[in-house]
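Q: Please pick one part of this chain and take me through it slowly, together with whatever sits around it. Keep it chatty, but stick to what the model shows.

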Amino acid sequence: MVNYLPSNLNAALLIVLHVPTYATSVLPQILNRAGKLPASHPQDNEEIVTGHIYIAPPDYHLLVKTGFINLVRGPKENNHRPAIDPLFHSAALAYGRRVIGVVLTGMLDDGTAGLLEIKMHGGMAVVQNPEEAMYKGMPRSAVENIEDIDYIVSLSEIPDVLAKLTNTPVEAKADNPVSNPIKRNEADLLDIDGETLNNNNRVFKPSTLACPDCGSTLWELEQGNLLRFRCNIGHAFSLESLRAKQSDVLENSLWCTLRALEDKASLSKRMAKKMRDRNQIITAERFEKQAQHTLAHANFIRETLIEINANTADKSFDDSE
């Protein structure tokens, strides 16, 4: 897509790609070869320059302040670091109507809450047509949850849309977003402000759920029609990402349970053999019976895991359909 952007694009382009925290990103090199605009991983506090592409480095959230970039290794959002929502949210707070949010192919729903935030501050929303996306989850979530998306277009049309919008004059800001206490709290959380995280007067509502990452209380935040969650540490989830993370935690717990049951059965068999070697038949039979019961429980857990993995595969297929 970047190879169709003009060299005199009247905006800076900031990109978040979901990559593992331990990965090495070569996206700047790829974009430098493909397009006319220079691309790089920015440094913390780097000045934002028009006509430059800034790509979130692995394991850092890419945030926007007025005039410069802020990189933070804060808690994951929607199970990712970098995540898209922190970028969109911070850009909306810093630049209001001057922001254009673009959501492309991807799984689950990262970017939906941030794009809604951009719209609430008077910015523009551009979404790839879900029907042509390789992974439909993210663009489909944006389309289903945000009523006033400005452009739902094919990938090939997005460069022309961006060129048009960046040459359309707008007011610097629509309002003072941080005057809203919810947005002020969210802004502080993005900065990983410990005082805000532990503030008893926070404007979020406590839920009955625990954070699947750290076990602390999850706080509910309603944003338009969206329900989001943050914990005391700062981990943030949409409904879809929370459900996905809970599924991961459940699967990991079941694997640990399966391993413990199989270890117990193995030990019971070993004890049974020792008892038989000593001609203690009654005790040996008791251990053998314990091993059989334990293996029956282990087989039930194994079948449950197979079913969970099958359902997860079906969900991944749904996102790519």
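**Around helix H3**

A: Let's come in through Leu108, which is partly exposed because its relative accessible area is 21%, a little past the 20% under which a residue counts as buried. Bear in mind throughout that this is a predicted model. Leu108 sits in the loop that links E6 and H3, and its backbone is worth a look: phi is positive, about 65 degrees, although the residue is not a glycine.

Met107 belongs to that loop too, between strand E6 (100-103) and H3. Met107 is also partly exposed, at 35% relative accessible area. On the surface, Met107 teams up with Met134 and Tyr135 to make a nonpolar patch of about 300 Å².

Follow the chain onward and you reach the helix itself. H3 covers residues 112-120, and eight of its nine residues are buried, so the rest of the structure largely encloses it. If you want to click through the buried ones, they are Thr112, Ala113, Gly114, Leu115, Leu116, Glu117, Ile118 and Lys119. Notice that the list includes Glu117 and Lys119 alongside residues such as Leu115 and Ile118. Just after H3 comes Gly122, with a positive phi of about 90 degrees.

So what does the helix pack against? One partner is H2, residues 84-95, and the description of such a pair is simple. Two packed helices are described by the angle between their axes and by how far apart those axes are. For H2 and H3, the angle is about 10 degrees and the axes are 7 Å apart. An angle under 35 degrees counts as roughly parallel, and H2 and H3 are therefore roughly parallel to each other. From H2, the contact uses Asp85, Phe88, His89 and Ala92; from H3, it uses Thr112, Ala113, Gly114, Leu115, Glu117 and Ile118. Compare that with the burial list and you'll meet Thr112, Ala113, Gly114, Leu115, Glu117 and Ile118 there as well.

Step back along the chain from H2 and there's another backbone feature. The peptide bond from Arg81 to Pro82 is cis, with omega near 10 degrees. Pro82 lies in the loop running between strand E5 (68-72) and H2.

Leu108 has company when it comes to phi, by the way. Asp59 also has a positive phi, about 75 degrees, and is not a glycine either. Asp59 is in the loop between strand E3 (53-55) and strand E4 (61-65). Where Leu108 is partly exposed, Asp59 counts as buried, at 11% relative accessibility.

For context, here's the whole chain. It has nine helices and twelve strands, and buried residues make up 45% of its 321 residues. Of the contacts with a separation of 6 or more, 61% are between residues 24 or more positions apart. The chain exposes about 16,800 Å², with carbon and sulfur atoms supplying 51% of that area.

For a contrast with the buried residues of H3, try Ile282 in helix H9 (residues 281-320). Ile282 counts as exposed, at 71% relative accessibility. From Ile282 to Ala272 is ten residues in sequence and 9.6 Å in space, C-alpha to C-alpha.

Key:
Residues numbered from 1 in each chain as written. Predicted model: local features only at pLDDT ≥ 70, side-chain atom pairs only at ≥ 80, totals over all residues. Heavy atoms only, no water. Buried < 20%, exposed > 50% of the residue type's maximum accessible area, 1.4 Å probe, protein only. Helix = DSSP H or I, 4+ residues; strand = E, 2+ residues; numbered from the N terminus. Patch = residues over 30% accessible without salt bridge, like charges linked within 9 Å, V, L, I, M, F, W, Y side chains within 5 Å. Areas by Shrake-Rupley, 256 points an atom, 1.4 Å probe, with all protein chains shown as cover. Salt bridge = Lys/Arg side-chain N within 4 Å of Asp/Glu carboxyl O. Axes fitted to C-alpha atoms, helices over the stretch in contact; angles between N-to-C directions. Parallel < 35°, antiparallel > 145°, perpendicular 65-115°, else oblique. Contact = heavy atoms within 4.5 Å.
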